[in-house]
Each structure stands twice: as C-alpha cells, then as structure tokens.
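Trainee: I should like to request a close look at a single part of this model, with its surroundings described in one connected account.

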Amino acid sequence: MSEFGREHPRNLIPELCNQFYHLGWVTGTGGGISIKDGLKKSQCTPLFMLAYRERNAGAVIHTHSPHAVRCTLLYDKEFVITHQEMIKGIKDATLERYLRYDEKLIVPIIENTPFEKDLAGSLAGALRAYPGTSAVLVRRHGVYVWGDTWQQAKTMTECYDYLFEMAVEMKKLGLDPALNPESEKNGEK
Ligand code: ZN
C-alpha cells in the first residue's frame, strides 16, 4: 500500500480490477475502470469522458462480462427485463430514483466497432435516446455502466451482471424475461 489511502484511485483501481478479474469481467486486455480525477488512461478514455460529460458520472466501469456479451446475442436493440428483485439496484437518471422490482429495466444495445474508440458516436446517441439509462451494452463486446460514485457504479455493475445472467438462463428455459407474470396470469397480452 502506498502513502495514499485505500480509496485513492491509485490504490482503488488496481483493487477493483483484481476483483473484476476474478468475476470474469476484465480478462485479457478487456475492460476498465475510470474514477473522476482518477489516474488510469486506456483506449476507453474518450468513452468514459462521454459518461462524465453527458451524465455527470463520478465513475465508469467497462466490462467484457460473458453474461453481458451473451445477452447482446439474444436481444436486438434493447435488453429488457422485469419482475426481478435485483432491478431495485438500478437507478434511473430521469426518474431520479431506483427502479421498482415490477418496473421494466431497459438497456440500449449498440453495435460493436473494430476499434473501441469508434464507439463514441453510437454511445453518445444511446445516451441521448435513453436519458434514464445508467448502462449501454455493446454487441459481442461488453457493457458500460456509470454511477454518481465508484461505489454506486460497482453496485450497479453487479446488479446488471446478475440480471444479464438471469435473462440468459431464463431464455434457455424458454421463459421471457420481459414478460410481466401478473399480466400472463390475468390473460392479458
Ligand atoms: Zn472493451
């Protein structure tokens, strides 16, 4: 441990990277973390800057989580899930509150590009089209998640990852994660 405190980005970023590595979120050269006023520079920096500028984020996490990638193979333009407890861990910027269990969580999906920096245009478009979202999925690539603080960004990344995995498993079982179980019971469409 250096002379900086545990929460200094110089100590925090390697520690978070280590945790994320063991979750399979950042393996090989993939993924990254940026904390405002942090020190890490990577190819993802212009993308992280977008979330800082457009969303006033305090931290951005980018993972190559296999759950996120699998989701982008199963959904077209949007990831949609509802009636899952972990949805309550996701904050909607437009509503200015955390979502309810029975609300629909929607995450836009953008197409991947050969160079990560070229994602900036479509990422900016997704941020404008989905003003409430705190995440954007990139097809066959991964996910960007941002929060007011690094703690919030990390918690939401964990909730998203859980929900991505859940959705993939539900689809494998022939269940629709976007379906409201109540409306099915009442015979509604
Ligand atoms: Zn990446």
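Trainee: Does Glu116 count as buried or exposed, and at what relative accessibility?

Mentor: This is a predicted model, in which local features need pLDDT of at least 70 and side-chain atom pairs count only at pLDDT 80 or more, while totals for chains, interfaces and linings use all residues. Residues are numbered from 1 along each chain as its sequence is written, and side-chain values use heavy atoms, with hydrogens and water left out.

Glu116 counts as buried, at 11% relative accessibility; buried means under 20% relative accessible area, exposed over 50%, and partly exposed in between, with a 1.4 Å probe and protein chains only. Glu116 belongs to the zinc site, where the protein donors are His62 (NE2), His64 (NE2), Glu116 (OE), Glu116 (OE) and His141 (NE2), at 2.0 to 2.8 Å from the ion. Donors are N, O and S atoms within 2.8 Å of the metal (3.2 Å for Na, K and Ca), and water is not among the atoms, so sites may look incomplete. Along the sequence, the donor residues follow the spacing H-x1-H-x51-E-x24-H. Glu116 lies in the loop between strand S6 (105-110) and H4, and His64 in the loop between S2 and helix H3 (66-74), so this pair ties together parts that are 52 residues apart in sequence. Helices (H or I, at least four residues) and strands (E, at least two) are DSSP runs, numbered from the N terminus. His64, at 25% relative accessibility, counts as partly exposed.

The donor His62 leads to strand S2 (residues 59-63), of which 5 of 5 residues are buried. Both faces of S2 are covered, with Ala59, Ile61 and Thr63 on one side and Val60 and His62 on the other. S2 pairs in the antiparallel sense with strand S1 (residues 32-35) over 4 bridges, and Ala59 is the bridge partner of Ile35. Two strands pair if DSSP finds at least two bridges between them.

S2 also pairs with S8, again antiparallel, over 5 bridges. Val60 stands opposite Trp146, and Ile61 stands opposite Val145. In S8, 6 of 6 residues are buried: Gly142, Tyr144 and Trp146 on one face, and Val143, Val145 and Gly147 on the other. Strand S7 (residues 135-138) is joined to S8 by 4 bridges and runs antiparallel to it, with Ala135 opposite Val145. The hairpin of S7 and S8 has 3 residues between the strands, and there Arg140 takes a positive phi near 55°.

Val60 and Trp146 appear once more in the lining of the largest cavity, together with Leu47, Leu50, Ala51, Leu123, Leu127 and Tyr144. On a 1 Å grid over the protein atoms alone, a cavity is a set of points where a 1.4 Å probe fits but cannot get out, and lining residues have an atom within 4 Å of a point. The structure holds 1 cavity of 30 Å³ or more, and the largest cavity contains about 40 Å³ of space. Grid points are joined across faces, edges and corners, and a volume is the space filled by probe spheres set on the points. Helix H2 (45-55), helix H4 (120-129) and strand S8 (142-147) each supply at least two lining residues, and H2 gives the largest share, 3 residues.

Methods:
1 Å grid on protein atoms, 1.4 Å probe; cavity = no way out; pocket = protein on both sides within 12 Å on 5 of 7 lines; lining within 4 Å.
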